[in-house]
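Trainee: Got a minute? I'd like to go through this structure with you before I start working on it.
Mentor: Sure, pull it up and ask away.

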Amino acid sequence: MRSTIITKKKVCVSCGRLDYHFSKKMCKQCATIESTQRRIDKYEDEEELESIKYLTDDLDAVFSQYIRCKHADVSGYVSCYTSGKKMKWQEAQCGHFISRKNFGTRWLEDNCRPQSEHDNCFLSGNLEVFSKNLETEKPGIVEFLQDQARQVSKPTRDELKCLVVEYRHKLELVKKKFKNQ
């Protein structure tokens, strides 16, 4: 038994040719091109996100080393900013007064100091002592950092690349002060 459905050629919404509709009122050629373009766009979006994530992780690592080395003495020892405990700079962590979730303050040097693992992780940064020390060191900085944290910030790939290059260079300069390196 044969089908009684008669297909007619209609105008393609994409190219305007008279042809059979294949998908979404488009001819087969235009529908194929559109679906392929959508897959390419999706792949490029995923690639961009991975790239930004990689750059962010790389910048976090370099920036953390820079902060710890900057505050270390010539022997490579640093004091925890909140407890005063002495340790090698490699054992310290980069503590943030305003959480790293805020990109506006994440890589601000005024927001970061070396901390022991105990103070940074188990005492959640020991923020009360951290803020007192910051205010003593630089009056008005706590309010400034809190204002900066309220600003919406989303760094671009180029900005992240520039920051990575900048902090790698600064890290090399700071490491020159150590005696044994």
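**A chat about the model**

Mentor: Let's start with a backbone oxygen: that of Ile52 lies 2.8 Å from a polar atom of the side chain of Thr56. Keep in mind that this is a predicted model.

Trainee: Okay. Where does Thr56 lie?
Mentor: Thr56 is part of helix α1, which covers residues 28–70.

Trainee: And is Thr56 buried or exposed?
Mentor: Thr56 is buried, because its relative accessible area is 9% and the cut-off for buried is under 20%.

Trainee: What is Thr56 in contact with, leaving aside neighbours within four places in sequence?
Mentor: Phe103, Arg106, Trp107 and Leu160.

Trainee: New topic. How many salt bridges does the count come to?
Mentor: The count is 13 salt bridges. One of them is between the side chains of Lys70 and Glu109, at 2.7 Å from N to O.

Trainee: Which parts does that pair tie together?
Mentor: Lys70 lies in helix α1, while Glu109 is in the loop between α2 (103–106) and β6 (112–115), so the pair links parts that are 39 residues apart in sequence.

Trainee: How accessible are the two partners, Lys70 and Glu109?
Mentor: Lys70 is partly exposed, with a relative accessible area of 35%. Glu109 has 18% relative accessibility and counts as buried.

Trainee: Got another pair for me?
Mentor: Try Glu137 and Arg113, which form a salt bridge with their closest N and O atoms 2.3 Å apart. Glu137 sits in helix α4 (residues 127–137) and Arg113 in strand β6, so this pair ties together parts that are 24 residues apart in sequence.

Trainee: Is Arg113 buried or exposed?
Mentor: Buried, since Arg113 has 5% relative accessibility. Its partner Glu137 is at 45% and counts as partly exposed.

Trainee: What about the salt bridge of Asp147, who's the partner there?
Mentor: That's Arg150, and the side chains meet at 2.5 Å, N to O. Asp147 and Arg150 are 3 residues apart in helix α5 (residues 141–150), so about one helical turn separates them. Asp147 is partly exposed at 35% relative accessibility, whereas Arg150 is exposed at 59%.

Trainee: Which residues are joined into one network by salt bridges that share partners?
Mentor: Lys70, Glu109, Glu166 and Lys170.

Trainee: Let's switch to helix α6. What span should its 19 residues have?
Mentor: At 1.5 Å a residue, helix α6 (residues 157–175) should span 27 Å, and its end C-alpha atoms are 27 Å apart, so the two agree.

Trainee: Which residues of α6 are buried?
Mentor: Leu160, Val164, Tyr167, Leu171 and Val174. Looking down the axis of α6, the buried residues fall within an arc of 100°, so they line one face of the helix.

Trainee: And what's exposed on the other side of α6?
Mentor: Asp158, Cys162, Val165 and Glu172 are exposed there.

Trainee: Last thing: what phi does Lys24 have?
Mentor: Lys24 has a positive phi of about 50°, even though it is not a glycine. Lys24 is in the loop between β2 (18–19) and α1, and it counts as exposed at 58% relative accessibility.

Trainee: And Asn126, what's the phi there?
Mentor: Asn126 has a positive phi of about 50° and is not a glycine. Asn126 is found in the loop between α3 (117–122) and α4.

Note on methods: Residues numbered from 1 in each chain as written. Predicted model: local features only at pLDDT ≥ 70, side-chain atom pairs only at ≥ 80, totals over all residues. Heavy atoms only, no water. Helix = DSSP H or I, 4+ residues; strand = E, 2+ residues; numbered from the N terminus. Buried < 20%, exposed > 50% of the residue type's maximum accessible area, 1.4 Å probe, protein only. Polar contact = N/O pair within 3.5 Å; in protein donor to acceptor, adjacent residues only side chain to side chain. Contact = heavy atoms within 4.5 Å. Salt bridge = Lys/Arg side-chain N within 4 Å of Asp/Glu carboxyl O. Expected span 1.5 Å × (residues − 1). Arc of directions from axis to C-beta.
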